[in-house]
Amino acid sequence: MNMCTILQFAISPVLFIILYMFLKFKYRDGDFSLLFKVFIIGLLSLLLIFPADWIIHKAGLDSLHSFHRTLFYAFILTAGLFELLKFLVIRIYAYKDKRFVNISDGIVYSLVASLGFTTTYSVYMYFFPPEFIKQCTYAWSIGPAAVSMAVVMGFFFGIAQKRRYSIIDLLTGLFAAIVLHGVYRFCLLYNDKTMLLMALIAMAFIALVLVVKAIRSGSQSA
């Protein structure tokens, strides 16, 4: 097993463990049952990818012989499907829970759902590798990409908690995550490492800004 494979398998569960340890240190007597529940459901949500991939392959939609086909595959069939699954995990299992109370919670549970999904998807990619994606490129990029996309979606989940018409914020978060994921997947498909690195830097900057806003919002409401 080479270094790229180890990184591909390890990055998401290691990030989850780091997040859990940080939260455990910060909230020594906290209840983390929902955290693990969302992570496990995120892991299991990959089961819906199997039939979706089969249908996409049988329909020939993964035959990327043109720029438009690649755009459709990256933004709709991959980013759209993956982010919708993560969205549903958060919306169904965390959003209405009494432990979900602010923007920071939205980011945390979104991160957990994303890391759960990415953990099993990385294994899936190893055994069923997409034709146009390099394993090593995916391995070093998926960590920052998954975290950035999750922060964006989670931020809007947190905002929606305080709004009367929450559907607007929820859909905004979903749409933003799909766009970022679509850009990431598009760069992977074209194996353009320069464009991918620039995209990851931009995504990380956006995520950092939103994390700072979430922290400030929590301080003001405290």
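How much space lies in the second largest pocket? The answer, for this predicted model, is about 440 Å³. Of the 21 residues that line this pocket, Asp-53, Asp-62, Tyr-73, Tyr-124 and Pro-130 are the closest to its centre. Helix H3 (49-58), H4, H5 and H7 are the elements that give two or more residues to the lining. By class, the lining of the second largest pocket comprises 15 nonpolar, two polar and four charged residues.

The largest pocket holds about 830 Å³ of space. Its lining is made up of 30 residues, and those nearest the centre of the pocket are Leu-19, Phe-22, Leu-23, Ser-104 and Val-108. At least two lining residues come from each of helix H1 (3-26), H5, H6 and helix H8 (193-221). Divided by class, the lining of the largest pocket has 21 nonpolar, five polar and four charged residues.

Attention may now turn from the pockets to the cavities. Rolling a probe the size of a water molecule over the atoms shows where empty space is left. In this structure, two cavities of 30 Å³ or more are found. The largest cavity has a volume of about 60 Å³. Its lining consists of Phe-82, Lys-86, Phe-117, Thr-118, Tyr-121, Tyr-138, Ile-142, Ala-146, Met-149, His-181 and Arg-185. Two or more of these residues are given by each of helix H4 (67-93), helix H5 (103-127), helix H6 (135-160) and helix H7 (166-190). H6 contributes the most, with four residues. The classes represented in the lining of the largest cavity are seven nonpolar, two polar and two charged residues.

The second largest cavity contains about 40 Å³ of space. Glu-83, Lys-86, Ile-90, Ser-110, Ser-114, Ala-146, Met-149, Ala-150 and Met-153 form its lining. Here the elements that supply two or more residues are H4, H5 and H6. H6 again gives the most, with four residues. By class, the lining of the second largest cavity has five nonpolar, two polar and two charged residues. Lys-86, Ala-146 and Met-149 appear in the linings of both cavities.

Two of the helices that line the largest cavity, H4 and H7, may also be considered as a pair. Two packed helices are described by the angle between their axes and the distance between the axes. How do the axes of H4 and H7 cross, and within what distance do they come? The two axes come within 8 Å and cross at roughly 135°. An angle of that value falls outside the ranges counted as roughly parallel, perpendicular or antiparallel, and H4 and H7 are therefore oblique to each other. The crossing in which H4 passes H7 is right-handed. The contact of H4 with H7 comprises 18 nonpolar, five polar and four charged residues.

A last feature is the pairing of aromatic rings. The count of aromatic pairs comes to 20. One of these is formed by Phe-9 and Tyr-126, whose ring centres are 5.2 Å apart. Why does this pair count as edge-to-face? The planes of the two rings lie at 75°, and planes over 60 degrees apart are counted in that class, so the pair is edge-to-face. This pair links distant parts of the chain, with Phe-9 in helix H1 and Tyr-126 in helix H5, 117 residues apart. The same two helices, H1 and H5, are among the elements that each supply at least two residues to the lining of the largest pocket.

Conventions. Residues are numbered from 1 along each chain as its sequence is written. This is a predicted model: local features need pLDDT of at least 70, side-chain atom pairs count only at pLDDT 80 or more; totals for chains, interfaces and linings use all residues. Side-chain values use heavy atoms; hydrogens and water are left out. On a 1 Å grid over the protein atoms alone, a cavity is a set of points where a 1.4 Å probe fits but cannot get out, and a pocket is an open set with protein on both sides within 12 Å along at least five of seven lines; lining residues have an atom within 4 Å of a point. Grid points are joined across faces, edges and corners, and a volume is the space filled by probe spheres set on the points. Ala, Val, Leu, Ile, Met, Phe, Trp, Tyr, Cys and Pro count as nonpolar, Asp, Glu, Lys and Arg as charged, and the others, Gly among them, as polar. Axes are lines fitted to C-alpha atoms, for helices over the stretch in contact, and angles run from 0 to 180 degrees between N-to-C directions. Angles under 35 degrees count as roughly parallel, over 145 as roughly antiparallel, 65 to 115 as roughly perpendicular and the rest as oblique. A crossing is left-handed if the near helix is turned anticlockwise from the far one by less than a right angle, and right-handed if clockwise. Rings of Phe, Tyr and Trp (its six-membered ring) pair if their centres lie within 6.5 Å; planes under 30 degrees apart count as stacked, over 60 as edge-to-face and the rest as tilted.
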